[in-house]
Amino acid sequence: MVSPGVKSGLLMGFGSALVVFGAVVVVYWPPIFMSQLKSSMALTPTSSSFGIWRETPIPMFLECFLFNVSNVDDILARKNVTLEVVQLGPYVFREVHEKVNIHWNSNHTVTFYNQRYWYFEPEMSNGSLSDVITNINPVVVTVAYSMRHQRAAVNVLVDSFVRLFHSSVFVAAPASAWLFDGIDDPLLDVANDIPFLPLPIPFEKFGWFYARNGSIDFDGVFVMNTGTEDFSRLGMLELWRNSNRTFYRGECGEVKGSTGELWAPELGQPEVVIFAPDLCTYMALSKDKPVEVEGIEGVQYAANDSVFDNGHKYPRMACYCDSPGADCVPAGALNVSRCRYGAPAFVSLPHLYGADPYFPSKLAGLHPTPEHRFRLSLEMYTGMPLQVSAQLQINLLVRHIAGFT
Ligand SMILES: *[C@@H]1O[C@H](CO)[C@@H](O)[C@H](O)[C@H]1NC(C)=O
Ligand SMILES: *[C@@H]1O[C@H](CO)[C@@H](O)[C@H](O)[C@H]1NC(C)=O
Ligand SMILES: *[C@@H]1O[C@H](CO)[C@@H](O)[C@H](O)[C@H]1NC(C)=O
Ligand SMILES: *[C@@H]1O[C@H](CO)[C@@H](O)[C@H](O)[C@H]1NC(C)=O
Ligand SMILES: *[C@@H]1O[C@H](CO)[C@@H](O)[C@H](O)[C@H]1NC(C)=O
Ligand SMILES: *[C@@H]1O[C@H](CO)[C@@H](O)[C@H](O)[C@H]1NC(C)=O
Ligand SMILES: *[C@@H]1O[C@H](CO)[C@@H](O)[C@H](O)[C@H]1NC(C)=O
Ligand SMILES: *[C@@H]1O[C@H](CO)[C@@H](O)[C@H](O)[C@H]1NC(C)=O
């Protein structure tokens, strides 16, 4: 016969065993969780992250806004006016991208190409692709820019040649041509036959996304870390276009950062680095604030005033200037000329948000707001992106060049 005392003793024994087991689980849960996480997140042909990485399962949209220059007549009449722009759009495209030609390397890296397709979404757009938009002709300013170190006498000749094809520096074209279809510029057709016309654009048309739809190699070939050896390097780019460097000097020319889809979770690191092939460099985003997206907690990272600096505010960003002491543009616009076939192209945040006041003084019609910040929210346990506002503006630098009208 078992006395009541023993029974309760047994129960208590069970109880404390459960408590001890519970304590063990509590103490060891994070390491177990991390090892589970590593095996499902580290990229292998069979990991659960692989499918998501290869073809993003959620819809993605490219929203394009175009500036229409509204006072062309006044400018051409040589009135003393500021260039005035009106924002049109968005012209919305659904983006489908897939990693192709995937090759697993033995050194914990994977080699791949990024193939992207875009499909116009008329219902989500404000405006039609046939809207006629007037802006600076990139081909004309590229010719002038590439002659900027020549003597005025030479430039007078080039100028009169350009004038055979173009009556002004402006061009009017439908939105579709500015974006994907390309603008047929006669200068591009003849450039190859004219030795004194330095036009390094290797396309027969000009458009900001021309020749990119469906292209496998436009974005270049990537070699990315799979995180199977060192989990903290998951998703980090090792090589881009077969090199660990781009053309920028020093630290600015390093190939580093995530390509955007995979991030090693580090629970609140002060900054994340994203590599942007469109800029041929990376962007550092600093920790901004905790966010909740559809009930899931995460941390928002955002670009601050350091993002397109070139040494004016942050000395370590001086390597984005061609050489120390060179004639660089004020802070807030990144020189991507060598990434854009020698065009005088500069990348900024939309509406030159956060840029030096010099820029708005030259341009009317910009309305920068905090909505124009470049932002990224990550779930902190898996590093999965929750919300992304990857937004950039491309600008053309137009300066007087001796000999050009
Ligand atoms: C763009 O501006 C020009 C004037 O420069 C105007 O004629 C044209 O209608 C504008 N386009 C749109 C789509 O508003
Ligand atoms: C052009 O306009 C600005 C401001 O309206 C004025 O300061 C400047 O003197 C004018 N320039 C000429 C050449 O009239
Ligand atoms: C649509 O574009 C027009 C300019 O063409 C602009 O005035 C209007 O605010 C835009 N609407 C939306 C919802 O963005
Ligand atoms: C890893 O292997 C790839 C393919 O063989 C090679 O291109 C790359 O240089 C290697 N990376 C490192 C860091 O050794
Ligand atoms: C991109 O290519 C696909 C397939 O060829 C086509 O259906 C789609 O309309 C193209 N998109 C654009 C914006 O031209
Ligand atoms: C980059 O590549 C060069 C030559 O290919 C090599 O000497 C150098 O160590 C590499 N740098 C890094 C950071 O891997
Ligand atoms: C801006 O972000 C950069 C990159 O994360 C960081 O180094 C810098 O300290 C930040 N600046 C400020 C004022 O927070
Ligand atoms: C932009 O970069 C190109 C190529 O590195 C250089 O030749 C040019 O002088 C730079 N322009 C400015 C305004 O910094």
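Which residue in β16 is the bridge partner of S348? In the predicted model examined here, the bridge partner of S348 in β16 is Q393. This pairing belongs to a set of four bridges that join β12 to strand β16 (residues 393-396), the two strands running antiparallel. Strand β12 is also joined to β11, again in antiparallel fashion, through two bridges. Within that second pairing, N335 has F346 of β12 as its bridge partner.

The side chains of β12 were next considered by face. In a regular strand, side chains alternate between the two faces of the sheet. A345 and V347 lie on one side of β12, F346 and S348 lie on the other, and all four are buried. Both faces of this strand are thus covered.

Nonpolar side chains tend to be buried together in soluble globular proteins. In the present model, the largest nonpolar core comprises 48 residues. The residues with the most contacts inside this core are W53, L279, L285, F308 and V336. Strand β8 (residues 271-276) gives the most to the core, contributing five residues. The surroundings of W53 were examined with its neighbours within four places in sequence left aside. On this basis, W53 is in contact with L43, K99, I102, V110, F112, M224, E261 and L262. Another core, of 31 residues, lies apart from the largest one and includes W118, V139, I201 and F209.

A search of the whole structure for disulfides returned three. A disulfide is a covalent bond between the sulfur atoms of two cysteines. When the bonded cysteines of the protein chain are numbered in sequence order, the pairing reads 1-3, 2-6, 4-5.

One of these disulfides is formed by C252 and C319, with the sulfur atoms 1.9 Å apart. The link of C252 and C319 is right-handed, with 70° about the S-S bond. C252 is located in the loop between β7 (237-240) and β8, whereas C319 is located in the loop between β10 (296-302) and β11 (334-335); the pair therefore ties together parts that are 67 residues apart in sequence. Both C252 and C319 are buried.

Another disulfide joins C280 to C339, with an S to S distance of 1.9 Å. The torsion about the S-S bond of C280 and C339 is about 80°, and the disulfide is therefore right-handed. C280 is placed in the loop between β8 and β9 (281-293), and C339 in the loop between β11 and β12 (345-348), so that distant parts of the chain, 59 residues apart, are linked. Both C280 and C339 are buried.

The remaining disulfide joins C321 to C328, with an S to S distance of 1.8 Å. C321 counts as buried because its relative accessibility is 8%, below the 20% limit for burial. C328, in contrast, has a relative accessible area of 23% and is therefore partly exposed.

C64 was examined as a further cysteine. The closest cysteine sulfur to that of C64 belongs to C339 and lies 18 Å away, which is too far for a bond. C64 is nevertheless buried, with a relative accessible area of 5%.

Definitions and conventions:
Residues numbered from 1 in each chain as written. Chains lettered and ligands numbered in written order. Heavy atoms only, no water. Core = buried A, V, L, I, M, F, W, Y, C linked by side-chain atoms within 4.5 Å. Buried < 20%, exposed > 50% of the residue type's maximum accessible area, 1.4 Å probe, protein only. Contact = heavy atoms within 4.5 Å. Disulfide = S-S within 2.5 Å. Pairing = 2+ DSSP bridges.
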